[in-house]
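Reader: I'm new to reading protein structures. Could you walk me through a few features, one at a time?
Author: Sure, let's look at it together.

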Amino acid sequence: MKNIRLLIVFLLVAIAGCNPLPEDTYKVVKIKDGDTIELLSHDLQNITVRLAGIDCPEKAQAFGTAARQYTAQLCFGQNVTLNGSDKDRYGRTVAYVILADGRNLNHELVKNGYAWEYKTYSKDPELARLEQYARQNRLGLWQDANPVEPWNFRRNKSKNKNKKPRKKRRHKQEETVSLVSLYNITDEVF
């Protein structure tokens, strides 16, 4: 019985080893937030990828959780390919993520209102068109009356973080003393 179990385990490992991921294909193993995912390469290396040209709301912002969930819905556990291999200042790979069905994940997030075109870094004219489409159709974050761009949200958050908290002023409560309480006069006197 023990030998049969070992044989089954051996066969499963052998079969899995015969079907490795192609070199340019990655498995999505973690969704960090709407625009940052973690991939597993064919040689079992973890790669953190920042989606190029877009910026999703932060987790603490309106639609931040929704953007993360939408990203997970589209790609978690799926095989994807990358278009681009730049590195950002945090060492993450910056790329377009192409889904198994050929759709561009970066474009899908903007088109459905879960990301802004990150104009500072974007070189893709399609992202501007897709953002305009989402705005006009009030999709995702564009339902909000005044959506705040993530880069402005982060800037304001860091400004507030550097400020020292103000001490709360304590107002002295004026004590009102009545003659009755001062001299312990009881109701009997009146």
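Reader: Let me start with one residue: where is the place of Arg138?
Author: Before I answer, keep in mind that this is a predicted model. Arg138 sits in the loop between helix H4 (125-136) and helix H5 (150-162).

Reader: Okay, and what about its backbone? Which sign does the phi of Arg138 have?
Author: Here's the general idea. Most residues other than glycine have a negative phi. Now the case here: Arg138 has a positive phi of about 50 degrees, although it is not a glycine. Arg138 also counts as partly exposed, because its relative accessibility is 47%.

Reader: Where is Phe63 found, and what is its phi near?
Author: Phe63 is in the loop between strand E4 (54-55) and helix H2 (64-75). Its phi is near 70 degrees, again a positive value in a residue other than glycine. With a relative accessible area of 25%, Phe63 is partly exposed. And while you're looking there, go to the other end of the helix: just after H2, Gly77 takes a positive phi of about 80 degrees.

Reader: Let's stay with that helix. How many residues does H2 have, and how far does it reach?
Author: H2 has 12 residues and reaches 17 Å from its first C-alpha to its last. That is close to the 16 Å expected at 1.5 Å a residue.

Reader: Which residues of H2 are buried?
Author: A general idea helps first. An α-helix has 3.6 residues a turn, so residues three or four places apart point the same way. In H2, the buried ones are Gly64, Ala67, Tyr70, Thr71, Leu74 and Cys75. They lie on the same side of H2, because they cover an arc of only 125 degrees around the axis.

Reader: What do the buried residues of H2 pack against, and which exposed residues are on the face turned away?
Author: The buried residues pack against strand E1 (25-33), strand E2 (36-40) and helix H3 (105-111). The face turned away from that buried side carries Gln69 and Gln73, which are exposed.

Reader: I spotted a cysteine in that list. How many disulfides does a search of the whole structure find?
Author: Zero. To read a cysteine, you can still ask how covered it is. Cys75 counts as buried, since its relative accessibility is 0%. Cys56 is buried too, at 2% relative accessibility.

Reader: Now the rings. How many aromatic pairs does the search find?
Author: Five aromatic pairs turn up in the whole structure. One of them is Trp116 with Trp142, an edge-to-face pair with 5.4 Å centre to centre and 70 degrees between the planes. This pair links distant parts of the chain: Trp116 is in strand E7 (residues 116-117) and Trp142 in the loop between H4 and H5, 26 residues apart. Both Trp116 and Trp142 are buried.

Reader: Is the pair of Tyr118 and Trp151 stacked or edge-to-face?
Author: Tyr118 and Trp151 are stacked, with 5.2 Å centre to centre and 10 degrees between the planes. Tyr118 lies in the loop between E7 and H4 and Trp151 in helix H5, so the pair ties together parts that are 33 residues apart in sequence. Tyr118 counts as buried at 14% relative accessibility, whereas Trp151 counts as partly exposed at 23%.

Reader: Which residues form one aromatic cluster?
Author: Trp116, Tyr118, Tyr121, Trp142 and Trp151 do.

Note on methods: Residues numbered from 1 in each chain as written. Predicted model: local features only at pLDDT ≥ 70, side-chain atom pairs only at ≥ 80, totals over all residues. Heavy atoms only, no water. Helix = DSSP H or I, 4+ residues; strand = E, 2+ residues; numbered from the N terminus. Buried < 20%, exposed > 50% of the residue type's maximum accessible area, 1.4 Å probe, protein only. Expected span 1.5 Å × (residues − 1). Arc of directions from axis to C-beta. Contact = heavy atoms within 4.5 Å. Disulfide = S-S within 2.5 Å. Phe/Tyr/Trp six-rings, centres within 6.5 Å; stacked < 30°, edge-to-face > 60°.
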